[in-house]
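Work through the two exercises below with the model open beside you, and try each task before reading its solution.

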Amino acid sequence: MTILDGKKTSNDIKEEIANHVKSMASKGERVPHLAAILVGSDGASMTYVNAKVKACKLIGFNSTLVELPEYTSEEDLLKKINELNSDDNIDGFIVQLPLPKQIDEQKVLMAVNPNKDVDGFHPTNVGKMALGLPTFLPATPYGILELLERYQVETSGKNVVVMGRSHIVGRPMSILMSQKRKAGDATVTVVHSRSKNLLEITKKADIIVAAIGISEFLTGDMVKEDVVIIDVGITRVPDATKKNGYRLAGDVHFESVSKKASYITPVPGGVGPMTIAMLLKNTLLAREKHII
């Protein structure tokens, strides 16, 4: 059984980007600039955004963090997005989700200039992704593809089961894995909370991407020998043996599933670090090519 080490792989990618940025700076070129908008003070969102800002500093990007209070109106947030859309010094930006309930998330995502949508959530970019055209891929699915490629996991012709149908992971993952690409060319089945005969489906899978949002849902009796497991989930589970009173768990019951798996991502240290690395890669792409 091989651990798909997202932490190490993401560090390799960040080092590659950092070397590229040094080369740009040495030629007098403007280095990439990533901005993030954070509305409110949600703890998980703050941690995630701060990790992105820290990563930018580490690899030599410029970064801007726009912090807005919880009570920010939709109109004021849209004004701020328009400012970033119009700022030629900012190559890409993200609006950290979730947003406060007075703000329509769909309206906000639609307002981001597709050329700067390094999260890959704008319908224009989602449509281009579905058609196999050059675009910004959503960072988490992009990170999974990169992990599979770098560990040379064979995907062509394999049966892939994607557990979950979210716009952020499940749906784009299913599209990308079915496309003719290096980490792709697979036969893909999407399952979700309403799926029948789930056990029958998962036991036939060569590769499972678990993004169903239920802690330790996928267990050893649901998979076959030599399965490849990508665990996207991350949840705090109460654990009295830990000093802080909890441990982090994924959507996969690691102890039982890892006994059968040929490859598996850990939680933490698997898919999570890859998401930030690919967001940085998208920002570099935005700075260099302005592909859309």
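**Exercise 1: a residue at the surface**

Ile3 has its place in strand 1 (residues 2–3), where strands are DSSP runs of E with at least two residues, numbered from the N terminus. This is a predicted model, in which local features need pLDDT of at least 70 and side-chain atom pairs count only at pLDDT 80 or more, while totals for chains, interfaces and linings use all residues. Residues are numbered from 1 along each chain as its sequence is written, and side-chain values use heavy atoms, with hydrogens and water left out.

Task: find which nonpolar patch on the surface includes Ile3.

Solution. Begin with exposure: Ile3 has a relative accessible area of 33% and is therefore partly exposed, a class lying between buried (under 20%) and exposed (over 50%), with a 1.4 Å probe and protein chains only. Next, Ile3 forms a nonpolar patch with Met1 and Phe254, and together they have about 270 Å² of accessible area; patch residues have over 30% relative accessible area and no salt bridge, and nonpolar side chains are joined within 5 Å.

**Exercise 2: a charged residue**

Task: establish whether Lys14 is buried or exposed, and what lies around Lys14.

Solution. Lys14 belongs to helix 1 (residues 6–26). Lys14 is buried and has no salt bridge, that is, no side-chain nitrogen of Lys or Arg within 4 Å of a carboxyl oxygen of Asp or Glu. The nearest side chain of opposite charge is that of Asp12, 10 Å away. Apart from neighbours within four places in sequence, Lys14 is in contact (heavy atoms within 4.5 Å) with Ala55, Ile59 and Leu280.

Definitions and conventions
Patches are made of residues with over 30% relative accessible area and no salt bridge: like charges are joined within 9 Å, nonpolar side chains (Val, Leu, Ile, Met, Phe, Trp, Tyr) within 5 Å. Accessible areas come from the Shrake-Rupley method with a 1.4 Å probe; for residues, only the protein chains shown count as cover. Helices (H or I, at least four residues) and strands (E, at least two) are DSSP runs, numbered from the N terminus. Lys and Arg count as positive and Asp and Glu as negative; His and the chain ends are not counted.
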